[in-house]
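Me: I'd like a close look at one part of this model, the place where the two chains come together. Could you walk me through it, starting from a single contact and working outwards?

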Protein chains: 2
Amino acid sequence: MTVEAIMAPLFRRLQTTTDAGRDDLLALTSLPTTLRQYRENQTILRDGDRTSECCLIADGFCVRSKTIADGRRQILSIHLPGDLPDLQGLHLPAMDHDLVALSDCTLVFIAHAAIRDLIRSRPTVGDIFWRDTLVDAAVVREWIVNVGQRAAHNRLAHLIVELRERLHLTGRVTGNTFAMPLTQEQLGEALGVTSVHTNRILRQLRIEGVVELQRGMVRILNETKLQELAQFDGRYLHLSPSS
Amino acid sequence: MTVEAIMAPLFRRLQTTTDAGRDDLLALTSLPTTLRQYRENQTILRDGDRTSECCLIADGFCVRSKTIADGRRQILSIHLPGDLPDLQGLHLPAMDHDLVALSDCTLVFIAHAAIRDLIRSRPTVGDIFWRDTLVDAAVVREWIVNVGQRAAHNRLAHLIVELRERLHLTGRVTGNTFAMPLTQEQLGEALGVTSVHTNRILRQLRIEGVVELQRGMVRILNETKLQELAQFDGRYLHLSPSS
DNA sequence: GCCCCTGCTTAACTTTTGTTAGGAACAGCG
DNA sequence: CGCTGTTCCTAACAAAAGTTAAGCAGGGGC
């Protein structure tokens, strides 16, 4: 896999969401990287780990999650190709959550030292990365709203729309279908409900002809109804450099 | 109010949580600031606002919140003296949530331009601020776990302990008492439950002799029981520079 | 001192969600 | 091909939380 192919989703995302210059992106390709493959369900980083490198998702889906004392688990965010899910490690030495591969994944790792060097010589890259962690935080804030205030079926609708918007950025939506490789159990952990209840909601949405979820693929059946349920306002994704 | 008095809580916090040098802190005092007072319940920044300055809380409590279409509101985080609750504005031009004064507040505003200049001349200050936004994000992530997985009384206990830990950083806890100036309605908005249910939980905790909340002051009656309920693991606060 | 407003408190009732417990479908593997 | 383990699906029942509707308490303004 070439560096260009690995970095493609990141570049595509940065090109539309930031005003990174051509030379900034080029500088990124010169970073030394280590490619690693992960299997479905494999833990990439564990709560408490101390990291000396950051990872970029070249392919596959990952989640951040936290497990509390009684064994319950909460998924904190879903990460797609082009995401840098542990960029915070640059300034927070210890992980405060797990990073897990949802599907088989291709990740590349970049040493913190190399990133720091690049930022020192090119402060704009630092600004782009800082902004990236801030958008990430904005997504996490909206996640709180979802889990805290919306009814379960609205939550699911909102998550589906968010994921579609973010996948669209890197050209991973075809028609009304896209990948969302979470089991109903994991979906429940993301939404803060049990797997039984997730199943109930999915059935309801299927029967009402809103969306269908099969073998990790979402198919949107009725866009209008979906929008109505999701009440999605994508400003928090900060998709344009000026937002 | 002198610059020193205004910056004191920020300095105290940075001194224990980062390895900011004396000269870095000194450099902060030289930033031009504008002092503004806000009344209880006054909105400081509105969802959608475009900012050209950041604020530092010198005194009082603020919250970030989001209101969804049906009028429900979710509180996303609580901010204390020494916090920079809209530092993200440095790289995200538009607010994606509200910032509201919970109590009467004293804030100072610092122009983005001045901060950017300082960061350019002192990259360490940039690192400290970046880290600050990352810790903020970590707190928000834990908030998801709270709202998503814990039962309502555990949520409240967790919030109380978190707040105490953070207030302790700037010496705002005396014995087993500290300020938490949220109405039961607001507490519900923070925990993702209704005000009626908040009242139920508070009554239960009062009867069981765990905590008492009166006129915006928390009084911890039984530390052991509180810990048991909160299952608090403070690593996510990243209180030491090496964590 | 009284009024008014906000916040607190409670109860009765409804709805949502969790729990427990199965069985069915399906994929991977020997 | 049949075994095994996971995921999906469903139902019956229990618990948690929301809704609605009151009355009460206390502080600020007149």
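Reply: Start with A:R235 and B:D47, whose side chains form a salt bridge, N to O at 3.1 Å. Keep in mind that this is a predicted model, with the distance computed from its atoms. Across the interface of chain B and chain A, the rule turns up 6 salt bridges. Polar contacts add to the picture: 20 residue pairs between chain B and chain A make one, with both residues at pLDDT 80 or more.

Which elements of chain B give two or more residues to the side that touches chain A? They are β4 (62-67), β5 (73-79) and α4 (123-149) of chain B. The largest share comes from α4(B), with 20 residues. Sorted by type, the residues on that side of chain B come out as 23 nonpolar, 14 polar and 15 charged.

Now step back to the whole contact. Chain A puts in 52 residues, and chain B puts in 52 residues as well. Between them the two chains bury about 4300 Å², and 65% of that lies on carbon and sulfur atoms. On the chain B side, look for B:W130, B:R141 and B:Q149: this trio supplies 20% of the area chain B buries against chain A, more than any other three residues.

Next, what does α4(B) lie across on the other chain? It crosses β4 and β5 of chain A, running at about 130° to β5(A). Those two strands belong to an open sheet of 4 strands in chain A, ordered β2-β6-β4-β5 and paired antiparallel. At the edges stand β2 (43-45) and β5 (73-79) of chain A; each has a single partner strand, so one side of each is left without a neighbour in the sheet. From one strand to the next, the twist averages 35°.

Zoom in on the strand pair under α4(B). Strand β4 (residues 62-67) of chain A is joined to β5(A) by 6 bridges, and the two run antiparallel. If you want a spot to check the register, A:S65 stands opposite A:I75 in β5(A). Chain A's own helix α4 (residues 123-149) packs on the sheet too, touching β4 and β5 of chain A, and its direction makes about 135° with that of β5(A). To put the two helices side by side: α4 of chain A touches β4 and β5 of its own chain, while α4(B) lies across those strands from the partner chain.

Methods:
Residues are numbered from 1 along each chain as its sequence is written. Chains are lettered from A and ligands numbered from 1 in the order in which they are written. This is a predicted model: local features need pLDDT of at least 70, side-chain atom pairs count only at pLDDT 80 or more; totals for chains, interfaces and linings use all residues. Side-chain values use heavy atoms; hydrogens and water are left out. Contact means heavy atoms within 4.5 Å. Buried area is the accessible area (1.4 Å probe) that two parts lose on being put together, summed over both. A salt bridge is a side-chain nitrogen of Lys or Arg within 4 Å of a carboxyl oxygen of Asp or Glu. A polar contact is a pair of N or O atoms within 3.5 Å; within protein, one must be able to donate a hydrogen and the other to accept it, and residues adjacent in sequence count only if both atoms are side-chain atoms. Ala, Val, Leu, Ile, Met, Phe, Trp, Tyr, Cys and Pro count as nonpolar, Asp, Glu, Lys and Arg as charged, and the others, Gly among them, as polar. Two strands pair if DSSP finds at least two bridges between them. Axes are lines fitted to C-alpha atoms, for helices over the stretch in contact, and angles run from 0 to 180 degrees between N-to-C directions.
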